[in-house]
Amino acid sequence: MPSFLDALKSQVGRKILTGITGVGLILFIIFHLIGNLTLFGDPQAFNEYTYALENLGFILYVLEAGLAVAFLLHAYIGISIWWNRRKARPQGYKKYQSKGGSSHQTWAAKSMIFTGIVLLVFLVIHIDTFKFGATETIMLNGHEARDLKSLVIATFQQPIYAFGYTVVMILLGLHLGHGFWSAFTSLTMKHNEYSALIYTVGIIFAILMAVGFLFIPLYIYFAGPDAALISY
Amino acid sequence: MADTFTVHLKIWRQEGPNEPGELVDYTLDKVNEHMSFLEMLDVLNEEIVKEGGVPIEFDYDCREGICGSCNLMINGQAHGPKAMTCSCQLHMRNYSDGDTIVIEPFRAKGFPVIKDLVVDRSAFDRIIEAGGYVSVKTGSAPDANSIPVDKSVADTAFDYATCIGCGACVAACPNSSASLFTGAKLAHLNRLPQGEPERAERTVAMVEQMEEEGFGDCSNYAECEAVCPKGISISAIAEMRRNYMKAALKGSEA
Ligand code: HEM
Ligand code: SF4
Ligand code: FES
């Protein structure tokens with residue numbers, strides 16, 4: 001019998017890990033989107049939310065470390081699966097096409113490595129822009145806080161950010177279009193009428209996430225700094 | 001007598017395992033819609049021999065969809081365009097006059113080409129040797145029906161047992177994964193009372209052998225299910241994953 005660690009390194013174990021990290025990242029983006037939507041709430045709701053988040057202390061470090069491990073493991077296994085495929089078929093076909101039918105070899109599925117790598121690069125830029133971006137210090141309910149809301153609004157006045165984010169969020173939607181169903185499948189979901197439902201749910205979820213995230217930069221860009229939905 | 005028609009063929013010719021190989025063009029004008037795909041190749045070979053050439057090597061045995069040896073990649077699809085059909089069961093009525101058909105061998109590191117369209121699938125035999133059996137007592141035969149098997153279990157086991165080991169699942173997989181084949185064999189044996197005692201060992205041994213043979217990872221493309229001539233469901237892969245992780249969890253406790 002393999003040790004549990006060896007089992008995780010096997011082909012089966014790698015899939016289980018892609019699935020678990022994939023689900024973890026899905027949960028993360030759900031909370032991230034809900035948090036971001038506070039931009040449209042009370043004038044200081046977003047800054048209060050980010051203040052609370054940044055002052056979670058130890059819990060925040062645990063969450064950040066968990067997220068970092070999930071991202072890195074997910075990206076590492078994804079890239080290695082893609083890399084290994086050339087070893088498993090040293091000579092390719094002159095002609096290849098999917099047979100359709102019950103195949104899930106969609107455009108979204110075939111571009112997982114591309115959309116994934118874009119997300120990885122985006123992540124670095126994204127963290128640099130907001131987590132480490134320069135902000136004004138404001139007084140919020142008697143304590144000092146970063147004015148991240150103004151940074152977000154200023155950032156998305158720039159077309160490169162507004163439209164760059166939009167494109168990346170569409171790619172995120174594509175990644176999830178296959179990824180949602182695939183994660184369940186990796187985590188040993190049987191293939192039947194329920195899995196067909198999960199696939200549809202996954203596509204709806206992917207669209208919701210993409211539209212939810214890209215609405216923010218596009219709205220701020222087009223509505224301008226005095227956006228009606230964003231009050232001060 | 002149906003009219004004959006012409007097809008243009010691009011067929012992979014390769015003299016031996018370590019020769020380079022290339023697609024060679026042929027035009028065959030004696031195709032009749034009732035011919036099977038393999039008969040069409042037989043007729044082409046007759047023409048080639050008449051002209052003093054070396055006939056194209058391709059594998060087959062039963063020609064009735066049960067032996068799993070007629071592995072051809074036809075226009076980029078394992079066993080051609082029809083669902084749940086082996087190359088030998090594909091008929092020329094699926095093609096029309098003037099069509100171009102590309103024929104290549106199944107490709108994977110685990111399936112080295114021997115000659116032309118013939119590949120060596122003994123990697124599958126070694127996966128079976130690793131655990132694709134049940135251990136039984138020899139000696140006098142047991143009484144009939146002494147081991148009750150639920151009808152639904154027997155039926156599902158039989159569905160998985162219909163895998164003919166053709167290798168189309170590997171050939172069509174962008175990663176050359178052998179998960180559907182291995183999963184089908186495991187799903188067949190693991191669910192029957194006769195196979196139950198060796199479930200953990202069998203699952204681990206076959207999964208390890210599949211990886212050893214150089215087959216790739218599964219990315220859940222489900223292309224394998226679409227090309228499988230027996231319609232084996234990717235649920236087999238889910239069961240394989242579950243049993244493998246269960247075995248590993250138990251193993252590390254002991
Ligand atoms: C917000 C970020 C991300 C989310 C929500 C996400 C989600 C997912 C999910 C749910 C899956 C399906 C898991 C499975 O097949 O078991 C998946 C697969 C995959 N992800 Fe991500 N992912 C993200 C970021 C990334 C990054 C940064 C990469 C970097 C390369 C990446 C590369 C891949 C690849 C290559 C696969 C397919 C794995 C395979 O071939 O089986 N993903 N992703
Ligand atoms: S699972 Fe299907 S495609 Fe794969 S070897 Fe068995 S019969 Fe052929
Ligand atoms: S020749 Fe036996 S399955 Fe096709």
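Biologist: What makes the five strands β2-β1-β5-β3-β4 of chain B an open sheet?

Modeller: Look at the edges: β2 (22-32) and β4 (77-78) of chain B each have a single partner strand, so one side of each is left without a neighbour in the sheet. Strands here are DSSP runs of E, at least two residues, and helices are runs of H or I, at least four, numbered from the N terminus. This is a predicted model, where local features need pLDDT of at least 70 and side-chain atom pairs count only at 80 or more, while totals for chains, interfaces and linings use all residues. Residues are numbered from 1 along each chain, chains are lettered from A in the order written, and side-chain values use heavy atoms, without hydrogens and water.

Biologist: How do you know that β3 and β4(B) pair?

Modeller: Pairing takes at least two DSSP bridges, and β3 (residues 73-74) and β4 of chain B have two, in the antiparallel sense. Ile74(B) stands opposite Gln77(B) there.

Biologist: Why is helix α7 (residues 148-155) of chain A called largely enclosed?

Modeller: Buried means under 20% relative accessible area (1.4 Å probe, protein chains only; exposed is over 50%, partly exposed in between). Six of its eight residues pass, so α7(A) is largely enclosed by the rest of the structure. Among them are Leu148(A), Leu151(A) and Ile153(A).

Biologist: What makes Arg14(A) and Asp217(B) a salt bridge?

Modeller: The rule wants a side-chain nitrogen of Lys or Arg within 4 Å of a carboxyl oxygen of Asp or Glu. Their side chains meet at 2.9 Å, N to O, so the pair qualifies. Across the interface of chain B and chain A, the rule finds three salt bridges.
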